[in-house]
Amino acid sequence: MKWNKSKIQNPYAWLDHSLDTIHKANWYRSVQTLQSLPGAVVQLEGREVINFASNDYLGLAGDERLIQAAVMATKTYGTGSTGSRLLSGHRELHQELERAIASLKQTEDALVFSSGYLANLGTLAALVDKRDLILADQYNHSSLKNGAILSGATNVNYTHNDIKDLHNKLNQYRQHYRRCLIATDSVFSMDGDLCPLPELLLLAENYNCMVLVDEAHATGVLGSTGAGCVEHFGCRGKTLIQVGTLSKALGSLGGYVAGSSRLIDFLKNRTASWIYTTGLSPADTAAALAAIQIIQQEPERRTRLQKNVSTLKQLIQHQLANLKLLPSDSPILCIQFATATDAIIAGKQLQNAGIFAPAIRPPTVPTSRIRISVMATHELSHLYTLIDAFKGINSL
Ligand SMILES: *Cc1c(COP(=O)(O)O)cnc(C)c1O
């Protein structure tokens, strides 16, 4: 059929309608400007607030040692790495960082990516294809979900942290596929609970499956040396694939995969999101390297973080007993609200009270909530101010 050109055509008009729909659902998002160094207290949109919105769990993103490492690396190697790692983009620093990650994780090797998102996209797409099966927790991070789609594998979700459902799905699907990969966040980023790793590894063994865990919120935070959830559960001897980020507790930018040398060798040859992108900048690489040294040398940061988390949990349970605190074993604590509008209003009222703790709502999560990230550098007074601010919220 011939295309019938009408007088007025605007192929972008749908954007207005789409934005309208987003606004009507109260799903519209926009950025807020932070105007200071990162930390427990920051300048946000011209106002000093206590920061419960940051992934900088150990307070390292503003640490003088990371800043100096980034400055030195920039002076020595320049601002950009100028090419992909396999061409002109590889520096000694990258190798040092990869060795440091492998040593922290006690794996044979590691590989750094430009972001955790790219590490997940590329790794999933490299490990499985349309002959294979991915069994994924329904609450997995967007990068795991999109990596699963990109891979072309059959992608089956199991109910969040439900080992029985995973078991059923293995029984139902496993036999029909060549390889199977079980993929899960280790600390769930929008809930704060942990995956049941030992049970999951046992099932994987019985059904001959690979396991990929995303340690984004666990690295530097969980385990006695800060190696993550795998260390926390005492599972470091097991063969598995660990992905993570340099941008949360490590205070820099970038992602990583840690595992066997065979795995890393394979990824260097088959992962498009590593091969066809520019190597991590010298500044980011050096800052992450400095951070790994600090998390190993200063375990007291993790102790302070854990203390702050347990104090805040107790305060919430005792003083805000009417609130619904979601189950969590990490520094991510979520207070559930009935509707997106309630959560947004609460977020605004908190901000007016000098507290930065964002409302997280659909489509990011199924139920609306205020998400609180605790830092090692929060002081007791910051936690009290948070509690008082919650008490002042009208809709509660
Ligand atoms: C933040 C996050 C990522 C992405 O890491 P970036 O380095 O920020 O791209 C991946 N997975 C999870 C679970 C995350 O929370």
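Me: Which residue forms a salt bridge with Arg 369, and how far apart are the closest N and O atoms?

Reply: A salt bridge is read from a side-chain nitrogen of Lys or Arg and a carboxyl oxygen of Asp or Glu that lie within 4 Å of each other. In this predicted model, Arg 369 is paired in this way with Asp 191, and their closest N and O atoms are 2.9 Å apart.

Me: How many salt bridges and how many residue pairs in polar contact are counted between domain 1 and domain 2?

Reply: The count between domain 1 and domain 2 is one salt bridge, while the polar contacts between these two domains come to 10 residue pairs, with both residues at pLDDT 80 or more. On the side of domain 1 that touches domain 2, the elements giving two or more residues are α12 (300-319), β11 (332-336) and β14 (369-373), and α12 provides the largest share, five residues.

Me: Where do the two domains run along the chain, and how far apart are their C-alpha centres?

Reply: Domain 1 is made of two stretches, 31-61 and 299-391, whereas domain 2 covers 64-297. The C-alpha centres of the two domains lie 26 Å apart, and the contact draws on 27 residues from domain 1 and 28 residues from domain 2.

Me: What area do domain 1 and domain 2 bury between them?

Reply: The size of an interface is often given as the accessible area lost when the parts come together. Here domain 1 and domain 2 bury about 2000 Å² between them, and 59% of that area is on carbon and sulfur atoms.

Me: How many disulfides are there?

Reply: A disulfide is a covalent bond between the sulfur atoms of two cysteines. In this model the count is zero disulfides; for Cys 229, which is in no disulfide, the nearest cysteine sulfur belongs to Cys 195 and is 5.1 Å away, against a cut-off of 2.5 Å.

Me: Why is there no bond from the sulfur of Cys 235 to the closest cysteine sulfur?

Reply: The closest cysteine sulfur to that of Cys 235 is in Cys 229, and there is no bond because the 8.3 Å between them is too far. Cys 235 counts as buried, at 4% relative accessibility, and Cys 229 is buried as well, with a relative accessible area of 0%.

Me: Is His 382 buried or exposed, and in which helix is its place?

Reply: His 382 belongs to helix α14 (residues 380-391), and it is buried because its relative accessible area is 9%, which is under the 20% cut-off. Leaving aside neighbours within four places in sequence, His 382 is in contact with Ala 40, Val 41, Ile 50, Phe 52 and Thr 377.

Notes. Residues are numbered from 1 along each chain as its sequence is written. This is a predicted model: local features need pLDDT of at least 70, side-chain atom pairs count only at pLDDT 80 or more; totals for chains, interfaces and linings use all residues. Side-chain values use heavy atoms; hydrogens and water are left out. Buried means under 20% relative accessible area, exposed over 50%, partly exposed in between (1.4 Å probe, protein chains only). Domain bounds come from an automatic or database domain assignment. Contact means heavy atoms within 4.5 Å. Buried area is the accessible area (1.4 Å probe) that two parts lose on being put together, summed over both. A polar contact is a pair of N or O atoms within 3.5 Å; within protein, one must be able to donate a hydrogen and the other to accept it, and residues adjacent in sequence count only if both atoms are side-chain atoms. Helices (H or I, at least four residues) and strands (E, at least two) are DSSP runs, numbered from the N terminus.
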